[in-house]
Amino acid sequence: MGGVTTPGDERIPVFADVDTGVDDALALMYLLGCPEVRLVGIASTAGNVPVHQVCRNNLDLLHMCGVTDVPVSKGAERPLRAQLRTAEDTHGPQGLGYATLPPGAGELTDHDAAEAWVRAARAHPGELIAIATGPLTNLALALRAEPELPRLVKRLVIMGGAFDYRGNTTPVAEWNVSVDPEAWWEVLAFWRGAWGGSEPDHLPMVLGLNLTEHIEMTPTILSRLAAAAGCESTPLCESDERGTRSTAANPLIRVIEDAMRFYCEFHFDQGEGYLAHLHDPLAAAVALDPELVRFRAAAVDVELTGTLTRGMTIADWSGRWGREPNALIGVEVDPATFFDRFIERVGPLAKRLA
Ligand code: BDR
Ligand code: CA
């Protein structure tokens, strides 16, 4: 099983908490395309689609990529206090745009996603690299069960929030925070609590929309990816009939193109152009190489009560609250470097599946 330490295995243990989701799927592909990574577990969180569908997407994606040893765990059905909202308008009816995955035979673990977090952290103390690209419901539940978790995890990279930047769910709130703001609040509080104040090396790294919206996947970059997989394909075009399916022979490139087409159409309808923001794959890349992004430490909090501002994330850059920093906020990234790395990893992964 992927969750158990194998003596002599030098690869980096990585745990991913996802609400798959088009861009979560691409984040998982990024990790699966990294030879230096050992994905030791996937927590499925309700968010973009309901949790049973997130589980299905994770299991089927692993199956499609020929991966049989990564445990997938089911998370809570709903946020800590809020009603669950899902985003089929953004990610498609099953969460993967127009793509459909052949059903895999893999089964879920007999423990839940919060327990999976705890087990992974205890199995790899001080080594585990964790990424969370959905609502933080299961991570909050894991922290309630194991308050030492922040000391067991080497690095936590979170995609969520929007810092000095508009939201994508309400005018001020980003999706992952908006779905479960209380979970966000708890995770920040627990992390700071476990370290007892400012520990710059151990602060969660937070990538908000202000950063991730620089990561624009375009039809040209998708064509580069197909070429890296040794696969011919017809470039996506905004004048194509909606829902046109990929002609790629490669099964993974086909899934990516069918998923991305839906995502690009959504972004186009939002007035953002025929492109798509790869929020979550950036988190995967940064988890393995934080140098990809410039960070600034700040005290961060999330609005829980505002009638218009619930889910808004606020960074106190100038120390007006008088609090120690509790997060590192991503403020600058070079998208070209990210996309080079994405293609270098996901291209060969797809090629192996041809
Ligand atoms: C985040 O919201 C989700 O829809 C995406 O998967 C990403 O994690 C961006 O706001
Ligand atoms: Ca996500």
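**Note on the two ligand sites**

1. The model is predicted. In it, an oxygen atom of ligand 1 lies 3.1 Å from an N or O atom in the side chain of N176. Two aspartates make similar pairings: an oxygen atom of ligand 1 is 2.5 Å from a side-chain N or O atom of D23, and an oxygen atom of the ligand is 3.0 Å from one in the side chain of D24.

2. Ligand 1 has 280 Å² of accessible area on its own, and the protein covers 97% of it. The space that ligand 1 takes is the largest pocket.

3. Three elements each give two or more residues to the shell around ligand 1: α1 (22-32), α7 (175-179) and α12 (279-288). There are 13 residues around the ligand, of which D23, N48, H91, E174 and D280 come nearest. By class, the shell residues divide into 6 polar, 4 charged and 3 nonpolar.

4. The calcium ion (ligand 2) has protein donors from D19 (OD), D24 (OD), D24 (OD), T133 (O) and D280 (OD), at 2.2 to 2.6 Å. D24 thus appears twice in the donor list. The spacing of the donor residues in sequence is D-x4-D-x108-T-x146-D.

5. Which distant parts of the chain does the pair T133 and D280 link? T133 is in the loop between β4 (128-132) and α5 (137-145), whereas D280 is in helix α12; the two are 147 residues apart.

6. Two residues belong to both sites. D24 has a side-chain N or O atom 3.0 Å from an oxygen atom of ligand 1 and is a donor to the calcium ion. D280 is among the residues that come nearest to ligand 1 and is also a calcium donor.

Notes
Residues are numbered from 1 along each chain as its sequence is written. Chains are lettered from A and ligands numbered from 1 in the order in which they are written. This is a predicted model: local features need pLDDT of at least 70, side-chain atom pairs count only at pLDDT 80 or more; totals for chains, interfaces and linings use all residues. Side-chain values use heavy atoms; hydrogens and water are left out. A residue is near a molecule or strand if one of its heavy atoms lies within 4 Å of it. A polar contact is a pair of N or O atoms within 3.5 Å; within protein, one must be able to donate a hydrogen and the other to accept it, and residues adjacent in sequence count only if both atoms are side-chain atoms. Accessible areas come from the Shrake-Rupley method with a 1.4 Å probe; for residues, only the protein chains shown count as cover. On a 1 Å grid over the protein atoms alone, a cavity is a set of points where a 1.4 Å probe fits but cannot get out, and a pocket is an open set with protein on both sides within 12 Å along at least five of seven lines; lining residues have an atom within 4 Å of a point. A molecule sits in a cavity or pocket if more than half of its atoms lie within 2 Å of its grid points. Helices (H or I, at least four residues) and strands (E, at least two) are DSSP runs, numbered from the N terminus. Ala, Val, Leu, Ile, Met, Phe, Trp, Tyr, Cys and Pro count as nonpolar, Asp, Glu, Lys and Arg as charged, and the others, Gly among them, as polar. Donors are N, O and S atoms within 2.8 Å of the metal (3.2 Å for Na, K and Ca); water is not among the atoms, so sites may look incomplete.
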